[in-house]
Every structure is written in structure tokens, then in C-alpha cells.
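Trainee: Got a minute to go through some helix packing with me?

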Amino acid sequence: MTLLALIIMPLLAGLLVAFMPKQNAKVIAVIGTILPIAWFGYVLSLYQWNMRAVDQLDFSVEWFPALGLKLELGADNISMLLVALTLLLGPICVFASFTAITERVKTYYAWLLILQAAMTGVFLARDVILFYTFFEFTLVPMYVLINLFGSTNRKAAATKFFLYTFTGSVLTLAGVIYVAWYNAQHISADHAWTFSFAELRYAAQQMPFSHQVWVFWALMAGFAVKVPLFPLHTWLPLAHTEAPTAGSVILAGVLLKLGTYGIYRFALGFTPDAAIFYAPTIAVLSIIGILYGGLICWVQTDVKKLVAYSSVSHLGFCVLGLFAFNTIGLTGSILYMINHGLSTGALFLMIGMVYERYHTRDMNKLSGLAAKMPVWATFMVFFTMASVGLPGLNGFISEFMCLMGTFQAGDEWVGRSTVGGAAGGNLGPWYAFFAGIGMIITAIYLLFMLGKVVWGKPAGESHDSHGHEAHSNDHHGSLPADLSVREIGILLPLAALCLLLGLYPKPLLRVLEAPTQEMRAVYGRANDRLNELFPARSAAAQESEVPSSSTPVAPAQDLTANIPTTDDHATEGLK
């Protein structure tokens, strides 16, 4: 029940907002997002971070026994970190909406709370159908938030967002149902249906390679749209640009991570053989997204759209790290999920705060804000540098580890690697080289934006209302010229975390050791199976002196300042 409470609290608060008077909506929303954080503190007192990659605090009751469905919850280290990010952004989004949302207040806060409950459920679900239910239900609150509270083109953005993500998710559902059928027909002793993560993961790993290929692409169809991975990204910039500020923060901070989390948990966990085989394809698409998203940012004049396209570029690094199949790449990717949510979510908050005052997102009309809003400008410089990947801030360690993992995932490096321990040899230095160019492009467009908006020639005092969010009033007169105490309080915890994770990421890296080493062991065995299935691949690996998963590899160096210590002896695989 401890984990179930994290879902029920915001859900009940959302329902309470819907039935209480309008003047109580803000207070209930604050309580409905603060209480789960307090309860999470209690959950942390029960949770053991140093255990192996196994679920803890399990909760399971029969849902539909005839179909093998259970209301099954659990948490491992990765789930706990993503739940923590979700809970942190909850009250921040509520406080950020106090002056931005003045109409349909009950509707807004009710759906915002229900959305938090659904996102938390995604990370805690341990039954595939329960996971899918939460995963799909997140579309409804976000659709309402964009459609009712977005900008001028909000209806088209909401419809495109819903159709893209829903269509991909249907293919994902078909894939997991096939795995459940295969388990009932070929694995289960009594031919009983089940949708438990652990049982279906084992069944999927026993499938022939040709079956894994179809399941892999079915799973990737839904999760790649959610990330989004090139060329399935076209819904994201429009949704980000048209969404209200809190909607953009949640979209960047958590909803996009449902895609990368799904890839890690399902596409990589269920079908390791196919994932290794098609890793170069996914890596190429990721690199195209990195470069394409960055180049599009160069020509943007809408500052919110620029940050939106930057998410396409940044999350390309996240997916690239996942498909490196070594501990340093996997660790960097998961860390990127957290860091991107902090820094990019903060940038959307900064843009929203300016938009409330000037009702425009045009960089030409917002130039020179340092003279008018020095406190805002200070935070803007800080969070932009975090997004660029400045050493000492949180973005650097994530991108560095993703690139290092990609670099060391090639045949020519695996046998010599002292860091990270590769399981396959499908990527390598050239992939890292082109992805590294994306880092340079990122620095250029973000610094150009910063120079224009913060230090550019001050624009005139007259501003039109182009891009004015619907259902909001002109707050220029009701807000101070610079940030208020409430707005500074919203930004301070995000800034503190960006600095802390940049200067001292060691605790988080230690937490991620066990799950990433378990996943790497799975891919070591999958690599051996592929070498047996494709002898030519095995011969190429032998020429490059690639050790099999049963051969001990030199232990990793303890570079505790920026990468996790790893033990590359073969470990026990996922059940």
C-alpha cells in the first residue's frame, strides 16, 4: 500500500478539486502535490538502495484473474528516481500556474493532479496491462491541458499529440499481447495467461530471433513516438509551443521520459537479441535527431519553440546511451532522463514567466531583458549553461557518459576497455564523433539565444499579443518587473539540484550501478547468442578480440568524480 498511496493521493486531490468551490482549487492542488512528497520521504525510509536490481515494496491484488491481470506495483532504483522527479515537478507546476491560469481553474488543477497520478503509476506498475493503462491515460489530461489552456493553435497541437502517441501505443500493445500469448503457449507449464513484467521478460528472451525482431519493432513504435525519436518527432515542437507553461514543464520533465523508460524496460529488457542487432539503426536515427533538431534551432525566432526542438536533440543522446549496451552508456542515459527534466523544465518555466509579462515569445521583441529583469537573467544564464552541458552543472556528466559509452561500444574498443564494459560491438568512435558535433551545435544555438534575449539591444516597450495564451489575462500590471518571491522559490530547488548533480553526482551513480550491470549481463549473453546465430559476426568479433560474456574483463577504474565504478565480471541476469 505504500506505493499505491503515491498514486491515490494526487488522484483523490484531483477529484476533490472538481467538486469543491473554485476558490479552494489552488489550496487543494498544493496539498495534493505536497502530501505525496512527504509520503515519499516515508517510502525512502523503507527502501534499500544498495540491493541488487530487484523490485521492492511490492503490492499485488487480483484484478481480472481470468485474464491473468493483477494490480501489481513495485519499485527498483530507476523507478524511484523517476518517481522522485515526477513528485518534485508537481508542486512546482502548481505554484507556477497561480497567475498564469485565471479561467476554468477547477478544470485545470483537477487534470494536472490526475496527470501526476497517471505518470507515477507508469513508473511503479509491474503488470504490463496496468502499465499500458497508466501510459495511455496520461494522454487524456495532457490533451485537455493543451486544448483548453494552450495558445492560439492549441486545438491542432492537442489533436496531433494525441493521434501520434495513441497510434504508436496500439502497436506496442500488440507486441506485449503477443509476448503474453507466447508465454502461455510455450513457456507456462499450465498455459495460463499472465502479464507480469518478470514472467513476460523471461518468455520474450526465450523467443526465436525472428519473433524478437517483430516484438522489438512493435515496442519501439510506441516508445519512439513518445521520446520522440526522429522521424516521429513532428508532434513535439507544436505541442510544446502551444501548451501552457506547466504543460510544457511536465511534457519535457516527465512525459517524454515515459518513452525512454519504456525503451529501457521493454524494448531492451524483453528483446535483447533484436536490440543488439538493430542498435546501429536506432543509433543513426538518434544522431540524425541530434543534428537535425540542433540545426532547426538555429533558425528559430520563437524562444519556446527553440527549447522545444532542443528536446529532440537532447533526447537523441539519451537513446544513444541506451543502445551502447555498456554500464557507462546505460548509466549516462538514465541520468540524462533526470537532468533533462530539471534543466529543460526550468527553461520552460523561465520562458513562461517572461510570457506572462510581455505576451510574446519572439526573441526580437524580448531582447535585452537583463536590463529590465536582472534576477530572471541570472537564472536564465544558469539553466541555459546546464542545458549546454557546462562542466560543473548537471548536463555535462550525462552527455559525457552517453558519448563515452557510445565510443566504447565498438569492436575495436571492447577488448581494451577499462571503463564501462561493452556487451556488444555495434557502435563505436564514429557514432560518438557525429553525436559530439551535436554538442557543438547545441552550444551555438543556446548561446545565441542567450545573447539575444539577455544581452541584446533592448526592445521597445510596445509589444503585441502574438502567441497570447488563451484563457489568460494580461498580468503585466499585476506582476513585478522582475521575478517575484514565489517565482524565485519555484526556481531555487531546480537550480540547487542542477548544481549538486553537476558537482557531486556520485550518490546517483552508485544507485544506478546494480540495474545497469544487470542489464549489461543480459546483453553479454545476448551477444553470445547472436554470435552463434550469425557465425560471420562471431568471426569479426574474434578478430577484434572481443571477450565473451563468460570471460572476465579487467575491473573498471574508480573514477568516482564523474563515472560509476563497475565490476565487469559476469553477473546474474534479469529474471
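Here is a short chat about two helix pairs and one buried helix.

Mentor: Heads up, this is a predicted model, where local features need pLDDT of at least 70, side-chain atom pairs count only at pLDDT 80 or more, and totals for chains, interfaces and linings use all residues. Residues are numbered from 1 along each chain as its sequence is written, and side-chain values use heavy atoms, with hydrogens and water left out.

Trainee: How are α4 and α6 oriented to each other?

Mentor: Helix α4 spans residues 105–124 and helix α6 spans 139–149, with axes 8 Å apart and an angle of about 150 degrees. Angles over 145 count as roughly antiparallel. That makes the two helices, α4 and α6, roughly antiparallel.

Trainee: How do the residues of the contact of α4 with α6 divide by class?

Mentor: Contact means heavy atoms within 4.5 Å. The contact includes Trp111 and Leu115 of α4 and Met142 and Leu148 of α6. Ala, Val, Leu, Ile, Met, Phe, Trp, Tyr, Cys and Pro count as nonpolar, Asp, Glu, Lys and Arg as charged, and the others, Gly among them, as polar. The split is 12 nonpolar, 1 polar and no charged.

Trainee: How many residues of α6 are buried?

Mentor: Buried means under 20% relative accessible area, with a 1.4 Å probe and protein chains only. Helix α6 is largely enclosed by the rest of the structure, and its cover includes α4, α5 and α7. The count is 9 of the 11.

Trainee: At roughly what angle do α14 and α15 cross?

Mentor: Helix α14 (303–322) and helix α15 (327–358) have axes that come within 8 Å. They are roughly antiparallel to each other. The crossing is at roughly 170 degrees.

Conventions:
Axes are lines fitted to C-alpha atoms, for helices over the stretch in contact, and angles run from 0 to 180 degrees between N-to-C directions. Helices (H or I, at least four residues) and strands (E, at least two) are DSSP runs, numbered from the N terminus. Angles under 35 degrees count as roughly parallel, over 145 as roughly antiparallel, 65 to 115 as roughly perpendicular and the rest as oblique. Buried means under 20% relative accessible area, exposed over 50%, partly exposed in between (1.4 Å probe, protein chains only).
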